[in-house]
Amino acid sequence: MSEDFNLPVGPFHPLLEEAEYFKITLDGEKVKEIEMETGWMHRAIEKLSESNTFDQTIFLVERICGICSASHPFACVNALEDIGNVEIPLRARYIRSLIGEMERIHSHLLWLGLAGHFIGYDTLWMWAWKYREPILEVIELITGNRNHYGVFRIGGVRKDYDISLNTRVNEVMDMLEKKLSMVAKAAMDDPVLKSRLCGVGILTKEDAINYCATGPTARASGVAIDVRKDEPYAAYDLLDFDIIVREEGDVFAKTVVRILEMLESIKMVRQIIERLRKISGPIYNDVAEIPAGEGIGRHEAPRGEVFHYIRSDGSNRPIRHKIRAPSYVNIPTYEVSCPGMNLSDVMITLASVDPCYCCTERSVKLFDSKGTEIAQNLLELSQRKTDRLIDELGESELWKLL
Amino acid sequence: MGVYNRILKKSLWVFHMSASPCNNCDIEVLDLLTPGYDLERFGIKLVGSIRHADVLLITGMGGCKISERVVRLYNQAPKPVFVVAVGTCPIGGATFKDSYSRCGPLDKLIPVNLYIPGCPPKPEAMIEGLLKLLGRLD
Ligand code: SF4
């Protein structure tokens, strides 16, 4: 009988974004249990929102997360418009969807890169982020900022889309489509990636439903939910797109879902900019006041459904603002997807739901039952496993293609 | 510190730490490492441990839970260490100025050498800031 070992992970990570703390209970190299502690990022946004006016609230919720900086304002204006039954001009609806889809592309690319980094494919990281740069450039051309766009307002959008940008947007979309298909093909045929990702961190359909998973996490487990289709808002009911569903539930399925979703988003962006050519009209309706009442707003963010609930008493501030972010429901699925796995696969499983944090390692030495050192840190362990696989399988196609 | 600075100038090692940011500044910092900006050409790289670092790069408004760790990490850093505050958050709190869970601004907790304002600062601004730091080492 080996003894249980507690591996503390966090709260600081050398390379990545947020602070988060995990306690992993291990039996040898196998994970028995995983617990997490949050609160490092607590900024009291719901409380702050109560002291801000409705217009300020939109800017505040934009700063909940830097990657989803269109998702939260999107859901927030949806909620405010729900209270006041505000009509939005058609042009504004399209512009909103355009920003939403652009964001999905850059967010999924970001994830793809980080996932590559976690399993030791730093090449994939560099390439994915290199392709992300033109998207950010286009977003900057459209909205005026690389992140934190600030384009959403009650009743429409703040900034009009300039038709002369069409050429540049089309160029970037063409480039991206080509590169993505290449990465998709390379990733799907790559024996190393397959053996690292297939069958790892499986989330069954029942568990996905029980844990109320959303977004790509749920769709990779065969649960076909997508707010854009189920309850269309903005211009999503006018656009032609598919939702991508996979049955396997492992990390590989999540990767495939995200890559194919990017291709869908590219399709949507093309449709939108084509139609914006013909649609003219105002980009916002003036809204004099938000009446007393309550409303909900939803948006399909890159990570899943964002939900905002706002209650107003007729003044210019919300008296209650409740936010549910997708990561908050996706992260607890670790409890079922991690146990029983090798420690070296934990890193990629933790990352696979695209949590809005990044997990971290401490310098902990890990010994197996014979007293030999297994590893100093999780990332290294994960990357070493890939190296081992490459040695076994020989140079893979991915390297040649990239 | 002539010789020390001369050597330091060629390889500045940075430890990045997030103290309740919105994540955006952090992403932009990571962006600096990728081919678009390639910070490593200046010999600047991110390291995994504060004990290896010459620069402590901090983002975020400094939540109360994390502030204690910020001070602890600063104390663990080998001196001299340069503290860089990235974004409006550690400087003035940005939109989280009135938050009950804020223990910032950063310079109340630890001494800060360089401020890079912006929400988020553009990568070019960050590079400019870090180069100023290098220039100061002359
Ligand atoms: S300064 Fe702005 S972008 Fe940077 S972490 Fe703070 S709120 Fe986010």
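What follows is a short chat about a predicted model, its ligand site, one sheet and a few single residues.

Me: Before I start, what sort of model is this, and how are things numbered?
Reply: This is a predicted model, in which local features need pLDDT of at least 70 and side-chain atom pairs count only at pLDDT 80 or more, while totals for chains, interfaces and linings use all residues. Residues are numbered from 1 along each chain as its sequence is written, chains are lettered from A and ligands numbered from 1 in the order in which they are written, and side-chain values use heavy atoms, with hydrogens and water left out.

Me: OK, where does the ligand lie?
Reply: The ligand lies between chains A and B. Helix H2 (24-31) and helix H4 (88-92) of chain B are the elements that give two or more residues to the shell around it; helices here are DSSP runs of H or I with at least four residues, strands are runs of E with at least two, and both are numbered from the N terminus.

Me: And how many residues surround it, and which are the closest?
Reply: There are 13 residues around the ligand, and the closest are B:Cys22, B:Cys25, B:Thr88, B:Cys89 and B:Cys119, where a residue counts as near if one of its heavy atoms lies within 4 Å.

Me: What's the make-up of that shell by class?
Reply: The shell has 7 nonpolar, 5 polar and 1 charged residues, with Ala, Val, Leu, Ile, Met, Phe, Trp, Tyr, Cys and Pro counted as nonpolar, Asp, Glu, Lys and Arg as charged, and the others, Gly among them, as polar.

Me: Switching to A:Asn147, is that one buried or exposed?
Reply: A:Asn147 is buried, with a relative accessible area of 1%; buried means under 20% relative accessible area, exposed over 50% and partly exposed in between, using a 1.4 Å probe and protein chains only. A:Asn147 sits in the loop between helix H5 (122-143) and strand E4 (152-153) of chain A.

Me: What does A:Asn147 touch?
Reply: Leaving aside residues up to four places away in sequence, A:Asn147 touches A:Gly66, A:Ser69, A:Arg132, A:Leu136, B:Asn24, B:Glu28 and B:Pro120, contact meaning heavy atoms within 4.5 Å. With B:Asn24 there is a side chain to side chain polar contact of 3.3 Å, that is, a pair of N or O atoms within 3.5 Å where, within protein, one must be able to donate a hydrogen and the other to accept it, and residues adjacent in sequence count only if both atoms are side-chain atoms. A:Ser69 is 78 residues from A:Asn147 in sequence, yet their C-alpha atoms are 6.7 Å apart.

Me: B:Pro120 came up there, so what is the peptide bond before it?
Reply: The peptide bond from B:Cys119 to B:Pro120 is cis, with omega near -10°, and B:Pro120 is placed in the loop between E5 and helix H6 (123-136) of chain B. The bond from B:Lys79 to B:Pro80 is also cis, with omega near 0°, and B:Pro80 belongs to the loop between helix H3 (64-76) and strand E4 (82-86) of chain B.

Me: Now the sheet in chain B: what is the strand order?
Reply: The order is E2-E1-E3-E4-E5, with 5 strands forming an open sheet in parallel pairing; two strands pair if DSSP finds at least two bridges between them. E2 and strand E5 (114-116) stand at the edges with a single partner strand each, so one side of each is left without a neighbour in the sheet.

Me: Which strands does E1(B) bridge to?
Reply: E1(B) runs parallel to strand E2 (residues 45-46), joined by 2 bridges, and parallel to strand E3 (residues 55-59), joined by 5 bridges. B:Val14 has B:Leu46 in E2(B) as its bridge partner, and B:Phe15 has B:Leu56 in E3(B).

Me: Why is E1(B) described as largely enclosed?
Reply: Of the 6 residues in strand E1 (residues 13-18) of chain B, 5 are buried, so the strand is largely enclosed by the rest of the structure.

Me: Last one, what's the phi of A:Ala44?
Reply: Phi of A:Ala44 is near 60°, a positive value in a residue other than glycine, and A:Ala44 is buried, at 4% relative accessible area.
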